[in-house]
Amino acid sequence: MMVNRISGLVNVGQVDGRQRRRRLQTRQIVRTVVDRSSAVPRTFRPDIEGLRAIAVLLVVLNHAGVPGLHGGYVGVDVFFVVSGFLITGLLLKEAEGSRRISLMGFYARRARRILPAATLVLVATVVASFALIGGTTAARTAEDGQWAALFASNFRSIEQGTDYWAGDLPPSPLQHYWSLAIEEQFYLFWPASIIAVAAIGRRFPLRTRLAILLAVTIAASLAWSVYATTENASAAYFSPLTRIWELAAGAILAVLTPAIMRLPAFLAAVTGMAGLIAIAAAAVTLDEYTRFPGSAALLPVGGTVLVIIGGTITANRGAELLLRWRPLQWVGKLSYSLYLWHWPVLILAAAALGTELGMATKLAFAAVALALSILTYKYVESPARNSSWLKARRPSVSVAFGVALVALSLVLASILVSILPKPSPTDELDGFAAAQRVEAPSPSSYRGLV
């Protein structure tokens with residue numbers, strides 16, 4: 001009897017012990033889920049800021065002729081993915097929170113974010129081209145300024161048959177505005193597409209419907225990119241149809257965030273580091289002879305996707321430990337202004353000196369561009385983006401502010417076009433061609449402009 005009673009107590013104790021362990025495990029699981037879920041509403045992602053820094057440094061150092069970075073132009077692809085992810089995340093938060101998306105509010109935010117710095121650099125470049133060079137080259141720059149002001153630089157490049165890698169052709173000081181044009185062309189339709197998808201097929205969750213739309217968009221655009229790059233690589237490089245899939249790749253990550261959060265935490269380090277390796281591999285293995293974008297863009301785009309997935313699963317793992325390095329965070333903060341300034345500074349410096357620049361000289365002028373970007377961020381970009389005066393008023397005021405900036409750029413460029421000698425295809429560009437060769441001009445771009 002006593003033995004049976006003792007045995008029963010032992011069994012009960014074992015059961016209680018197992019139950020306590022289960023409760024502890026359950027609490028740990030819940031705690032882990034809560035901790036990881038807290039990454040979703042993070043208002044700041046240091047891994048994203050670090051990615052911006054990596055992207056702009058790749059572009060700038062490539063244009064400065066630093067050896068081993070012939071594929072640094074893949075920074076544009078990093079920016080496209082990051083932009084698609086961040087912008088879509090903000091739109092989804094608005095759609096799921098208030099059950100509606102304010103198109104006017106969206107474009108008001110874009111106007112405050114993009115246009116002040118872009119207008120400053122555009123106007124400064126057109127004026128500097130007129131003052132330093134003059135003649136038909138300044139007229140060409142002014143014409144490019146008209147297209148850039150309307151966010152249509154990519155169509156200008158396609159229309160001219162621009163070959164970004166052709167060393168015998170002088171690139172425009174405003175040619176890098178093509179990437180801004182593609183992003184704004186995408187965002188001209190994407191918010192409205194989310195609204196349309198939200199209004200139909202309500203039997204299925206909004207994220208499911210958007211994931212299907214984005215998956216189809218990625219497949220179609222990537223397929224066209226591969227085909228078009230084979231047929232006409234120059235036109236394909238600047239076409240929005242061959243680039244949409246890169247922005248959509250970032251967008252689908254934002255849509256699938258809840259599912260990504262359920263992935264095992266150890267994958268955060270694995271995917272993040274693998275992504276950084278892929279981006280680095282693209283920068284050092286691709287070059288001016290690579291048919292791009294096409295299938296070659298899968299490497300940098302896939303790498304960026306992996307880094308973002310790692311940071312979404314959980315914070316402070318893998319790649320984020322490297323990307324949160326303070327100097328990278330600082331450069332990431334300046335990345336938009338740095339991207340805008342570096343290209344015209346390098347091009348116009350070569351024109352002013354009348355010779356092709358060596359790497360050391362290019363790096364010195366890149367430092368000048370960095371100084372200009374610091375001033376622009378502090379006195380133009382950040383104040384306009386965070387203006388309490390504009391935010392306190394209706395979104396239409398910010399939109400009108402943006403329209404005024406576009407008009408300013410357009411009017412100035414148009415005035416110079418009207419008074420300068422009209423360029424022709426046979427112009428020698430005032431002896432500017434040799435001076436404008438900036439190390440196999442690889443596709444520069446930006447931004448993840450959010």
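Me: Helices are DSSP runs of H or I with at least four residues, and strands are runs of E with at least two, both numbered from the N terminus. In which helix is Val417 placed?

Reply: Val417 belongs to helix 18. The structure is a predicted model, in which local features need pLDDT of at least 70 and side-chain atom pairs count only at pLDDT 80 or more, while totals for chains, interfaces and linings use all residues. Residues are numbered from 1 along each chain as its sequence is written, and side-chain values use heavy atoms, with hydrogens and water left out.

Me: Why is Val417 called partly exposed?

Reply: Buried means under 20% relative accessible area, exposed over 50%, and partly exposed in between, with a 1.4 Å probe and protein chains only. Val417 has 24% relative accessibility, and therefore counts as partly exposed.

Me: What places Val417 beside residues distant in sequence?

Reply: Val417 and Ala138 are separated by 279 residues in sequence, yet their C-alpha atoms are 8.5 Å apart in space. Contact means heavy atoms within 4.5 Å. With neighbours within four places in sequence set aside, Val417 makes contact with Ala139, Ala142, Glu143 and Gln146.

Me: Why is Ser337 called buried?

Reply: Ser337 has a relative accessible area of 0%, so the residue is buried. Ser337 sits in helix 15, residues 326–353. Beyond its neighbours within four places in sequence, Ser337 is in contact with Ala117, Ser373, Thr376, Tyr377 and Glu381.

Me: How many cavities does the rule yield, and what makes a space a cavity?

Reply: A cavity is a set of points, on a 1 Å grid over the protein atoms alone, where a 1.4 Å probe fits but cannot get out; its lining residues have an atom within 4 Å of a point. Points are joined across faces, edges and corners, and the volume is the space filled by probe spheres set on them. There are two cavities of 30 Å³ or more. The largest holds about 60 Å³, and the second largest about 30 Å³.

Me: What makes up the lining of the largest cavity, by class?

Reply: Ala, Val, Leu, Ile, Met, Phe, Trp, Tyr, Cys and Pro count as nonpolar, Asp, Glu, Lys and Arg as charged, and the others, Gly among them, as polar. The lining of the largest cavity has eight nonpolar, two polar and no charged residues. Helix 4 (103–132) gives the most, with four residues, and the lining includes Phe151, Tyr177 and Val406.

Me: How does the lining of the second largest cavity divide by class?

Reply: The lining of the second largest cavity divides into three nonpolar, three polar and three charged residues. Among its residues are Asp47, Gly310, Arg317 and Glu320. Helix 13 supplies the largest share, three residues.

Me: Is Phe151 buried or exposed, and what is notable in its phi?

Reply: Phe151 has a relative accessible area of 17% and is therefore buried. Its phi is near 55°, a positive value in a residue other than glycine. Phe151 lies in the loop between helix 5 and helix 6.

Me: Why is Asn316 called partly exposed?

Reply: The relative accessible area of Asn316 is 41%, so the residue is partly exposed. Asn316 is in the loop between helix 13 and helix 14, and has a positive phi of about 60° although it is not a glycine.

Me: What is the omega of the peptide bond from Phe292 to Pro293?

Reply: Omega is near 10° for the bond from Phe292 to Pro293, and the bond is cis. Pro293 lies in the loop between helix 12 and helix 13.

Technical notes. On a 1 Å grid over the protein atoms alone, a cavity is a set of points where a 1.4 Å probe fits but cannot get out, and a pocket is an open set with protein on both sides within 12 Å along at least five of seven lines; lining residues have an atom within 4 Å of a point.
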